[in-house]
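Please work through the exercises below with the sequence and the structure at hand. Attempt each task before reading its solution.

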Amino acid sequence: MNIIHLATEDGRNARVPLLRPRRLTPATVKVTATGEEVTTKAVHRGNRHLDPASIDPQSLIDADPEIDLDNVGRILTDTTRAYRRPGSHALEGNFQVIVTTYAADGTVKERKPYVPREANINDVSPVRLGKHIPLVELFQRFVFHNQLYIAHHDGLQHEFLFEVARSLEAAEAAETLGAGPRGNLPLVLQHGGAPTRAFLIGSTEGERYSLRVLLTRQELKVPAAAAAVSAPD
Amino acid sequence: MVVQYGAREVVITTAAAIHREKLYGKQCRSVVKDGTPLEQVVLDPEGNVFLPSELTYLATDSAGSLATSPLTQTEEGELLDLKPSSYRVTRELTPAGIEVLACLRVDAVIPVKCEVTPGFYTTEYAYHDAPQLKTAVLNVTADGAFLLTGTPVEAPLQGKNDVYNFFDDPESDRDDSGEDDLDDLTFDMF
């Protein structure tokens, strides 16, 4: 459970729980014909230069590749990610992680050392409600890949959140959520998380309320060159 | 794909799904030391080092035998049959309120062309034959149309007492007026 430090335009604020809603479709697992659960395992393929999907007899004759008999078929568990110089057998430590930013056309825009972002939803500066945007416009402009909902710990928080939900419902609008001292920064939900834009929508029923934080990292628009695709076989 | 909208059939022509990086680019992490890019390897507990290209990922049972045609079942044990792709059968398209889209965790954005009036519509969608169909919302505006597919989530309503029930340990609901607790209760401060 996360906590969000939420503030309204009139200066009221509270630290309230931010929770993940339940999926409405049942969770599934893969099983064998006898009902045993299936798991995905890493298996050594025998030769890293051979792709079983595209192998053909002539290429086998021409290349005469060897099978790694010591490892072929070995199931690898509890593995660790490590790094080495190309062609070397020694593993390296004390390395630097670099983040390369590419533009939409594939050109490199920036390279800089990776610094994980700190979460900013439960900071000294609260997450502020900002601009109103009508609901229809909201869903015609943005794609919401995830959502969370706000709950309360006590009766005072319930009153505060109920009022927020009721005002949003009356306005038939969503409000932007912004972090940082000026309330204009995207939200970072956890340490090392990606910045994401967020909107708050609300509804009420009797004395109950629903406040949902819709998270978006994408506008609803087509890139410059959208290729057509045919139906699957 | 073809959908049934009221009495008429509507043809929806889909294009490739839109990924974020096509709109905004992307970020990739790499590892360097002294200016030299390092390659990633997989280290097993015995100290063996493998390149990722030496490994493949296979579905196996607990004994490590290959599971060639795994079936899908719910966590309650109900086996799910494969449902046909939306490109092979006609499914129903119905007008939807904004709430359907507000409760959708979108995983694909597909630009489409279709002959329906602007608004929100809902249907079920599967690209390939699949054990579970996705919820899809057809979002038609004057400028274009998109099929948004994803997983519906609940929109819980919070009553005054709901959260106490949700967060509290069930043990805390027990009656605290028992004999054992009386010794701890003092009124000295009064």
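The exercises that follow concern a predicted model.

**Exercise 1. Composition of chain B**

Task: State how many helices and strands chain B has, and what share of its residues counts as buried.

Solution. Step 1: Count the elements along the chain; chain B has 3 helices and 16 strands. Step 2: Turn to burial; 21% of the 190 residues of chain B count as buried. Step 3: Consider the contacts in chain B whose separation is 6 or more; 60% of these join residues 24 or more positions apart.

**Exercise 2. An open sheet**

Task: Determine the strand order of the open sheet that contains β1 of chain B, and explain which strands stand at its edges.

Solution. Step 1: Write down the order; the 3 strands of this open sheet in chain B follow one another as β2-β1-β11, with mixed pairing. Step 2: Find the edges; β2 (8–11) and β11 (91–92) of chain B each have a single partner strand, so one side of each is left without a neighbour in the sheet. Step 3: Examine one pairing in detail; strand β1 (residues 2–5) of chain B runs antiparallel to β2(B), and 4 bridges join the two. Within this pair, B:V11 in β2(B) is the residue opposite B:V2.

**Exercise 3. The environment of one residue**

Task: Decide whether B:F120 is buried or exposed, and list its contacts beyond four places in sequence.

Solution. Step 1: Locate the residue; B:F120 belongs to strand β14 (residues 119–125) of chain B. Step 2: Apply the cut-off, which is 20 or more other C-beta atoms within 10 Å. B:F120 has 20 C-beta neighbours inside 10 Å and therefore counts as buried. Step 3: Set aside the neighbours within four places in sequence; the remaining contacts of B:F120 are B:A96, B:I98, B:V100, B:L101, B:V137 and B:N139. Step 4: Compare sequence with space; B:C103 lies 17 residues from B:F120 in sequence, with 13 Å between their C-alpha atoms.

**Exercise 4. Where the chains meet**

Task: Describe the side of chain B that touches chain A, and identify the element of chain B that gives the most to it.

Solution. Step 1: Count the residues; 78 of chain B are in contact with 81 of chain A. Step 2: Identify the chief contributor; strand β4 (residues 26–33) of chain B gives the most, namely 8 residues. Step 3: Sort this side of chain B by class; 41 residues are nonpolar, 23 polar and 14 charged. Step 4: Follow β4(B) across to the other chain; this strand pairs in the antiparallel sense with strand β7 (residues 96–102) of chain A over 7 bridges. In that pairing, B:Q27 in β4(B) has A:T101 opposite.

Note on methods
Residues numbered from 1 in each chain as written. Chains lettered and ligands numbered in written order. Predicted model: local features only at pLDDT ≥ 70, side-chain atom pairs only at ≥ 80, totals over all residues. Contact = placed C-beta atoms within 7 Å. Nonpolar A, V, L, I, M, F, W, Y, C, P; charged D, E, K, R; others polar. Pairing = 2+ DSSP bridges. Buried ≥ 20, exposed ≤ 12 C-beta atoms within 10 Å, placed from the backbone.
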